[in-house]
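Me: Please take a close look at one part of this protein for me: its sheets. Then place them in the wider chain, with its empty spaces and its unusual backbone spots.

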Amino acid sequence: MAKPLQLIYSPDKNIQLVINQEQKHITATVLYQKKSIIPEIRFGIQEQNQTFYNDMKCLGFSEKTVIQEQYPAIHGKRSSCSNIGNAFTMYLENTLKQKLNIEFRVYNDGVCFRYALSEEQPDSLLFTNEFTTYRIHREADRWMQKYIPHYEGDFPHEKGSISQGEWGYPALIRYNGCWALLTEANIDRNYCATHLANTTHCEYYQIAYPHKEEGNGVGSTYPTTHTPWSSPWRVIILGELKNIVESTLVEDVSTPCLLKETDWILPGSASWIYWAYNHGTKDYKKCCEYVDLAASMQWEYVLFDWEWDQMQNGGTLEDAAAYAISKGVKPLIWYNSGGAHNRVSSTPRDRLITKENRKKEFRKLKEMGFAGIKVDFFESDKQHMVNYYLDILEDAAKHKLMVNFHGCTLPRGWSRTYPHLMSMEAVYGAEQYNNSPYMTTAASRLNCTYPFTRNVVGPMDYTPVAFTNSQHPHHTTNTHELALSIIFESGIQHWADRPEGFYQSSDEVKSFMSKVPTAWDDTRFIEGYPGEYIVLARRKGTTWYLAGINGTTSHKKLTVVLDFLQDANYQMELFTDGKKATQICTSCNQVSKYDKIETEWLPEGGFVACFKLQE
């Protein structure tokens with residue numbers, strides 16, 4: 001029987017973290033409302049000259065402290081974030097009298113911990129293993145993605161029969177009626193990104209380093225650094241589904257904004273040529289069509305995707321950028337991250353690899369009027385690739401260029417530290433309609449899974465809203481597609497459809513798509529269940545947006561109480577499924593927080609409502 005050494009509660013007393021002394025290990029148990037959700041966490045780390053795992057001695061604990069912080073966010077779930085929790089440090093010693101500290105924080109929506117080595121340790125460090133292990137009960141429900149460095153995979157629901165392998169963050173579990181989402185936050189230049197592996201035992205998920213073959217085999221799997229050192233935060237978001245979906249814990253524990261000026265960082269909407277045409281950016285006239293679309297829809301941006309360096313049919317990239325600016329649209333531009341770490345031949349490959357090249361390229365982009373860059377094909381979670389991400393972010397900030405990473409790792413809090421990081425892919429998104437018919441059957445379920453998993457941990461460039469078809473036709477209704485503009489969060493939203501898909505929509509839908517925000521003042525989870533359905537409410541200023549999507553192939557009826565509204569009258573515009581999947585029905589009514597709306601969803605359908613405060 002474990003002997004408790006220490007316990008700490010969240011400020012609201014719902015979460016309890018218990019530190020235990022086992023025979024061979026220091027462990028922890030995480031409880032929510034007195035029910036075990038993570039029955040065991042094992043701690044430990046291996047440095048080339050120091051092993052902190054078996055037979056560790058607890059030397060004591062620091063005084064408990066209160067963390068209380070408010071910070072603004074330029075984009076994300078809410079514009080004002082609250083960071084309140086209780087904290088302490090545990091002091092450990094191995095059998096060779098070498099010392100390790102573990103810092104703990106317990107918030108109302110989760111538990112975080114990280115390792116720290118002081119300046120008293122050897123100056124040069126090389127880590128060869130991390131022993132951090134989460135025990136997840138075999139009866140727990142799981143939604144986990146098989147680990148791949150670009151994080152573009154499914155989150156299948158498993159229960160009872162447990163698959164063994166390696167798993168990417170975030171990992172969602174349900175046990176004892178409680179929910180937990182495992183991930184990590186605040187990765188800096190001192191470590192690599194990690195994932196989970198239960199290859200040894202189906203219930204024990206140990207933190208694992210990147211694969212040797214990642215990034216074309218370039219770079220070391222083992223991170224190196226110097227003291228003083230602290231690891232990334234190990235994060236467990238937990239509680240009710242509301243706690244999971246609404247959480248900003250990944251950003252809360254990350255380094256505050258490092259930029260002195262941020263007024264140039266402007267969230268917004270972009271037209272995007274790739275989904276419909278793949279090779280469309282080669283064609284100057286097609287690029288102009290997408291500029292015209294952005295101007296017509298009052299969107300701030302247009303993205304010139306891959307192959308812009310091969311542009312023909314009447315103009316060059318310089319011509320396309322000048323045309324966009326003449327229409328009041330800010331251009332964005334794609335790059336291959338290049339280098340030895342990927343085999344993708346798409347050009348340009350060499351513009352961002354060195355600091356000198358980045359400085360030259362970014363200066364040229366600013367002179368041409370570009371507002372941001374999309375950088376693709378990183379293909380590795382190794383430490384040297386973490387440094388490359390941060391190099392790009394820091395140099396882009398010097399030239400006031402916003403950044404979107406693709407073919408990339410998962411968000412780990414960088415959007416707080418570098419708020420010009422507007423979005424990251426790391427999702428099996430709408431571009432998959434181009435690649436495989438799998439997405440046609442999986443999309444509605446995945447769309448109802450991401451708000452509980454991938455989009456919890458940071459902005460997600462899914463590229464939503466497609467009313468027409470790409471290479472593989474979608475099964476989701478047009479109202480479902482419209483709802484994704486609210487359901488998914490990204491600092492810049494690249495709307496997927498071709499121009500005629502938007503132009504042929506009703507005036508009401510076009511007006512909605514012209515005004516829908518991409519950065520929010522508040523986010524509320526209303527109801528839902530992973531893979532089945534979700535209803536979210538988001539607020540911008542005094543206007544509320546409500547959206548729901550159906551992840552199943554069955555009809556649904558849903559009643560939503562409007563008690564998230566202020567005590568005032570609102571004009572509601574409601575978009576619902578019609579009799580056919582391609583129909584969107586529109587109605588208007590005056591409502592208040594004391595009302596409710598009843599909607600009927602088609603299979604894989606949805607609804608959207610916009611509530612404008614009446615003067």
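The reply below starts with the whole chain and then turns to the sheets.

Reply: This is a predicted model. Start with the whole chain. Its secondary structure comes to 12 helices and 37 strands. The radius of gyration is 24 Å, close to the 25 Å that the globule rule gives for 615 residues, so the chain is as compact as a globular protein of that length. The C-alpha atoms fill a box of roughly 70 × 60 × 45 Å along the principal axes.

Now the sheets. Strands of a sheet pair through backbone hydrogen bonds, either parallel or antiparallel. Both kinds of pairing appear here, one in each of the sheets described next.

Take the parallel sheet. Seven strands form an open sheet, and the order is β28-β27-β26-β25-β24-β23-β29. Find its edges. They are β28 (421-424) and β29 (492-495), and each pairs on one side only. From one strand to the next, the twist averages 25 degrees.

Look inside this sheet at β25 and β26. Strand β25 covers residues 330-336, and strand β26 covers residues 372-376. Five bridges join the two, and they run parallel. For one such pair, go to L332: its bridge partner in β26 is G372. A helix packs on the sheet too. Helix α4 (residues 284-296) touches β23 (268-272) and β24 (301-304). The direction of α4 makes about 160 degrees with that of β24.

Next, the antiparallel sheet. It is open, has four strands, and follows the order β6-β5-β12-β20. The edge strands are β6 (50-52) and β20 (224-226), each pairing on one side only. Here the twist averages 30 degrees from one strand to the next. Zoom in on β5, residues 45-47. Three bridges join β5 to β6, and the two run antiparallel. Within β6, T51 stands opposite Q46.

Now the empty spaces. Rolling a probe the size of a water molecule over the atoms shows where empty space is left. The largest pocket has a volume of about 360 Å³. Its lining has 23 residues, and Y71, P72, A73, S415 and R416 lie nearest the centre. Strand β8 (65-72) and helix α8 (414-417) each supply at least two lining residues. The largest share, three residues, comes from β8. By class, the pocket lining has 10 nonpolar, seven polar and six charged residues.

There are cavities as well. The count comes to four cavities of 30 Å³ or more. The largest cavity has a volume of about 70 Å³. Residues lining this cavity include K77, V245, P451 and R538. Its lining has five nonpolar, two polar and three charged residues.

Last, the backbone. Most residues other than glycine have a negative phi, and most peptide bonds are trans. Three spots here are worth finding. The peptide bond from Y169 to P170 is cis, with omega near -15 degrees. P170 lies in strand β16 (residues 166-175). The bond from T347 to P348 is also cis, with omega near 0 degrees. P348 sits in the loop between β25 and α6 (355-368). That takes you back to β25, one of the strands of the parallel sheet. The third spot is K34, where phi is near 70 degrees, a positive value in a residue other than glycine. K34 is in the loop between β3 (26-32) and β4 (35-42).

Notes. Residues are numbered from 1 along each chain as its sequence is written. This is a predicted model: local features need pLDDT of at least 70, side-chain atom pairs count only at pLDDT 80 or more; totals for chains, interfaces and linings use all residues. Side-chain values use heavy atoms; hydrogens and water are left out. On a 1 Å grid over the protein atoms alone, a cavity is a set of points where a 1.4 Å probe fits but cannot get out, and a pocket is an open set with protein on both sides within 12 Å along at least five of seven lines; lining residues have an atom within 4 Å of a point. Grid points are joined across faces, edges and corners, and a volume is the space filled by probe spheres set on the points. Ala, Val, Leu, Ile, Met, Phe, Trp, Tyr, Cys and Pro count as nonpolar, Asp, Glu, Lys and Arg as charged, and the others, Gly among them, as polar. Two strands pair if DSSP finds at least two bridges between them. Axes are lines fitted to C-alpha atoms, for helices over the stretch in contact, and angles run from 0 to 180 degrees between N-to-C directions. Contact means heavy atoms within 4.5 Å. The radius of gyration is taken over C-alpha atoms; the globule rule is 2.2 Å times the number of residues to the power 0.38.
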